Amino acid sequence: MARGGRCAPGSPAGFGFLEGACLSGQECGWRRDRLAGGAPAAPKSRPWATGVRAPQGEERFQILVGTAGDSYPLMDMATPEPDRPDQTLTDYVLVADYRTQRDPRQVYRQRQFLKELQAKGFQYKVKEDQEKVFFGIRADSRIFSLYRTLLMEPEGPAPRVDSARPMTVPDTTRIRIVNFILNCRTAAGDTFEDLVKDGVFETRFPLHKGKDNLKRTWARWRNVFRKQPVDDIRNYFGEKVALYFAWLGWYTCMLVPAALVGLIVFLSGFSLFNASQISKEICEAHDIYMCPRGDHRRQYQRLSDTCTFAKLTHLFDNEGTVIFAIFMALWATVFLEFWKRQRARVVLDWDLYGWDEDQEEVALELINCPDYKLQLHQHSYLKSTIILILSLLMICLMIGMAHVLVVYRVAAAAVFSSSALPFLEDQVTTAVVVSGALVHYVTILVMTKVNKVVALKLCDYEKSRTFSERESKFTVKFFTLQFFAHFSSLVYIAFILGRINGHPGKTVRLAGLWKLEECHLSGCMMDLFVQMAIIMGLKQTLSNCMEYLHPWLSHKCRSMRGSEARDPELRDWQHNYRLNPVNTFSLFDEFMEMMIQYGFTTIFVAAFPLAPLLALFSNLVEIRLDAIKMVRLQRRLVPRKAKDIGTWLQVLETIGVLAVIANGMVIAFTSEFIPRVVYKYRYGPCRQGARSSADCLTGYINHSLSVFHTKDFEDPVRIKGPENITECRYRDYRNAQDYNFSEQFWTLLAIRLVFLILFEHVALCIKLVAAWFVPDVPQSVKNSVLEQKYEVLLGKLRGGPRQLWGPGLGLRATPASSSSLRSTEV
């Protein structure tokens, strides 16, 4: 990504680039030596400014850099770095293929890149094996001293750092600063990624150092039910990763009550498995024949044949569904509000309460180049319009993919109906639903790749000011496309399937040829339940298996290649190189996976009350799986500082609102809840408060099925069944004379709409009240920040030292008021 400013070649500034000249006028370049024929005399050099001798008899290159008399722009490099007495420690490792060194043009570009790093105050050394050339990079302490001056003393003239006292710089800060500088453009206008594409370098990575404690206490399968060491994760991977695991642990803990309530609602249906009046009527309806539902299997079917499915449907489509949907709306709000409180405690404990991301990014730009010109915020209505149009076109494509799924289901129904397999012929609807869910899952995998590329292209066209701004916009675009890719088919099944088919004798056909599919005889909730169960089951099992097996197998294959070096440091670099590479999307993909799961857990939870339980089991595995990947199988992620989960919080809030709307529509239009209630109090034995010894739902099945006269079929002769059948039944509310919608249909539609409006308003009001009742920031955190500000101002008034500012431009919490999230309950 282009930066706002770039130092010009030959800039006199301390951090400027140097091009075409050495730092002290001495020879600086690459030299080819045949070590077997005698090595040249080594210059007087420091440990971090020398090449490494190659194995005898092999041709290698040697870097000759400044000698003891040289001085770098930042400091005299002969002075030992106060915070790193061990000269073997490395901030970053660059890797180049050994074959690259035979191309003079590539060697020249390597030399220029390393020379510019030298000019910025970096030291490097080279180690080689038989295939790769490793460049160990270490930044000078003056870079971190400048970082401290710019960000950690925000008010007034800061006291000078005592050079005799060691300055502690966390590894996460060192890696973050070095990574930022490596990302910047060179004097030739290239980024490191450009050099990688051109083959100058192969890759780069920070080293895994000091991860044994995380391996033992966190990254093991045996620690599934052990608390997460969030502070240790933060000290090793940075705040961004630590906040992800803190959020994931909190989300998993909050899933426990949701999973219990969902399981109770589901199991409560078993108490009515055989006692339900509706199930009894269906199972005893041996004389009721259902109209043929397809073109290829044209035969009547007894209603009693759907007895088992009717009982199963009642497990998740009962009176508890409404209560559970309202509960989940309240749960989503409480989950978010309590997470905000938890985050506030974490941020205060990490001294990041006043940290500003834009300010740090500008500071890093100035550290890289003092001549950096601030890039201001810009907005183009033309670009925004183009991006909006392209996004809408992609959304239309996602909706079109749902229509492709409809075509597949229609075609599959025709194929399965004419199949020679007896099972497929008898269970056409079930086979179509299951295979359709599998096709939908494959479509999701394919469209995920397409959506990521499209979202990146849109962000590149938009040209965001900073990386953080680009990441935020990419998150919104990618999640929007992913949302339609995952949920478009569910929307079709929940609200469209079986509602635009017409009626027997006059059906709507696709392209005038194929009859549109209909819901299962037991209702559309069964189709939605099966679709949700299959997609969630596949995503939580296959995806997790592939997420672990792919990096594990890749790491094993990479570890088998090449030989181990005798040099311990080079052997460590080789081990890190053979780990799986990471990129900008490594953590982003984990967040996206959890957001999609959160959508499945909340948006259609009324149709699938077991979703929280599946998510709970999946997350228990996901936490340890991600930990093992990051610590044992992948290269070290570049630590990033953060004080919240960013745009993902707005995504969670949006999903919460969509969940209220979707669940209200599922109960109103997909479930049989409204028709049952209306029949109970308007048409049934208990109507208008009448007392009846019979069940209030007696006669509901006969009332909910419309009558069709078999003589009105276009070709009644082709329909198989008893010859004396004069009428069949189908699920709808139509008159038996003209097949138009009956009075009951319009009454039900009005009541459905009223219920939807009331449900959404009540649920949203509950969400607003819960959000108001649970403050985002605990009072203890507010009081702690207020007391510390008071102490700072009081110290200024009295002329005392200002020692309350902690790392990261935040207020340092006092022991009496600090509140730490040392662990998360998973």
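Modeller: Contact here means heavy atoms within 4.5 Å. The model is predicted: local features need pLDDT of at least 70, side-chain atom pairs count only at pLDDT 80 or more, and totals for chains, interfaces and linings use all residues. Numbering starts from 1 along each chain as its sequence is written, and side-chain values use heavy atoms, leaving out hydrogens and water.

Biologist: OK, which residues of α10 and α24 meet?

Modeller: Ala344, Arg345 and Leu348 in α10 meet Val781, Ser784 and Val785 in α24. Helices are DSSP runs (H or I, at least four residues), numbered from the N terminus; α10 covers residues 320-349 and α24 residues 779-798.

Biologist: Why are α10 and α24 called roughly parallel?

Modeller: Their axes, lines fitted to C-alpha atoms over the stretch in contact, make an angle of about 30° and lie 9 Å apart. Angles run from 0 to 180 degrees between N-to-C directions, and those under 35 degrees count as roughly parallel, so α10 and α24 qualify.

Biologist: How do you know what span to expect for α10?

Modeller: Take 1.5 Å times one less than the number of residues. With 30 residues, α10 should span 44 Å, and its 42 Å from first C-alpha to last is close to that.

Biologist: What makes Ser618 buried?

Modeller: Its relative accessible area is 5%, and buried means under 20% (1.4 Å probe, protein chains only), so Ser618 counts as buried. Ser618 sits in α19 (residues 611-633) and, leaving aside neighbours within four places in sequence, contacts Gln540, Asn544 and Gln597.

Biologist: And how many residues of α10 are buried?

Modeller: 23 of its 30, so α10 is mostly covered.

Note on methods:
Helices (H or I, at least four residues) and strands (E, at least two) are DSSP runs, numbered from the N terminus. Buried means under 20% relative accessible area, exposed over 50%, partly exposed in between (1.4 Å probe, protein chains only). Angles under 35 degrees count as roughly parallel, over 145 as roughly antiparallel, 65 to 115 as roughly perpendicular and the rest as oblique.
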